[in-house]
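Here are my notes for you, written as numbered points. Keep the picture open while you read, and try to find each spot as we get there.

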Amino acid sequence: GDDIVDTAALSARAQAAAKANAQTEVHLRADASVPYGRVAQIIGVVQKAGLTRIGLLTSPAGAASAAR
């Protein structure tokens with residue numbers, strides 16, 4: 001979902017998902033306000049849990065400003 005969770009909760013959820021189905025896909029959405037290092041950290045947490053199918057979701061250019 002679009003839930004906001006801390007790193008520990010994300011790790012627990014990812015581990016549970018991997019245990020249930022190692023082919024679970026993770027979709028990560030982050031905008032320009034999120035530092036690249038944080039995105040990389042989240043990818044690492046998910047991979048460490050055993051999930052390797054990770055997709056990055058993007059919005060078309062200008063979509064954020066058009067929504068305001």
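1. Let's start with a single residue: is Thr-24 buried, partly exposed or exposed? Keep in mind that this is a predicted model. Thr-24 has a relative accessible area of 23%. Buried would need a value under 20% and exposed a value over 50%, so Thr-24 counts as partly exposed.

2. Where does Thr-24 sit? Look at the loop between α1 (7-20) and β1 (25-29). A polar atom of the Thr-24 side chain lies 2.7 Å from the backbone oxygen of Asn-21. If you skip residues up to four places away in sequence, Thr-24 touches Ala-17, Leu-51 and Arg-53. Take Leu-51: 27 residues separate Thr-24 and Leu-51 in sequence, yet their C-alpha atoms are 6.7 Å apart in space.

3. Now zoom out. The protein has three helices and two strands, and along the sequence they come in the order α-β-α-β-α. Consider the contacts in the protein with a separation of 6 or more: 73% of them are between residues 24 or more positions apart.

4. How do the strands run? β1 and β2 (residues 53-57) are parallel, and five bridges join them. On β1, His-27 has Gly-55 of β2 as its bridge partner, while Leu-28 stands opposite Leu-56 in β2. Put helix α2 (residues 36-48) together with β1 and β2 and you have a right-handed β-α-β unit.

5. Follow the side chains along β1 next. Val-26 and Leu-28 point to one face and are buried. Glu-25, His-27 and Arg-29 point to the other face and are not buried. You'll meet this pattern again, because in a regular strand the side chains alternate between the two faces of the sheet.

6. Which residues make up the largest nonpolar core? There are eleven in all: Leu-10, Ala-14, Ala-18, Val-26, Leu-28, Val-39, Ile-42, Val-45, Val-46, Ala-49 and Leu-51. The elements that give two or more residues to this core are α1, β1 and α2. The largest share, four residues, comes from α2. As a rule, nonpolar side chains tend to be buried together in soluble globular proteins.

7. Leu-10 is a good core residue to click on. You'll find Leu-10 in helix α1. Why is Leu-10 called buried? Its relative accessible area is 18%, and the cut-off for buried is under 20%, so Leu-10 makes it. Setting aside neighbours within four places in sequence, Leu-10 is in contact with Val-5, Ile-42, Val-45 and Val-46. Leu-10 and Val-46 are 36 residues apart in sequence, but 7.8 Å apart in space, C-alpha to C-alpha.

8. Ile-42 is worth a click too. Not counting residues up to four places away in sequence, Ile-42 touches Leu-10 and Leu-28. Leu-28 is one of the buried residues from point 5.

9. Last, the overall numbers. Of the 68 residues in the protein, 16% are buried. The protein exposes about 5,200 Å², and carbon and sulfur atoms supply 55% of that area.

Notes
Residues numbered from 1 in each chain as written. Predicted model: local features only at pLDDT ≥ 70, side-chain atom pairs only at ≥ 80, totals over all residues. Heavy atoms only, no water. Buried < 20%, exposed > 50% of the residue type's maximum accessible area, 1.4 Å probe, protein only. Contact = heavy atoms within 4.5 Å. Polar contact = N/O pair within 3.5 Å; in protein donor to acceptor, adjacent residues only side chain to side chain. Areas by Shrake-Rupley, 256 points an atom, 1.4 Å probe, with all protein chains shown as cover. Pairing = 2+ DSSP bridges. Right-handed = clockwise from strand over helix to strand, strands pointing away. Core = buried A, V, L, I, M, F, W, Y, C linked by side-chain atoms within 4.5 Å.
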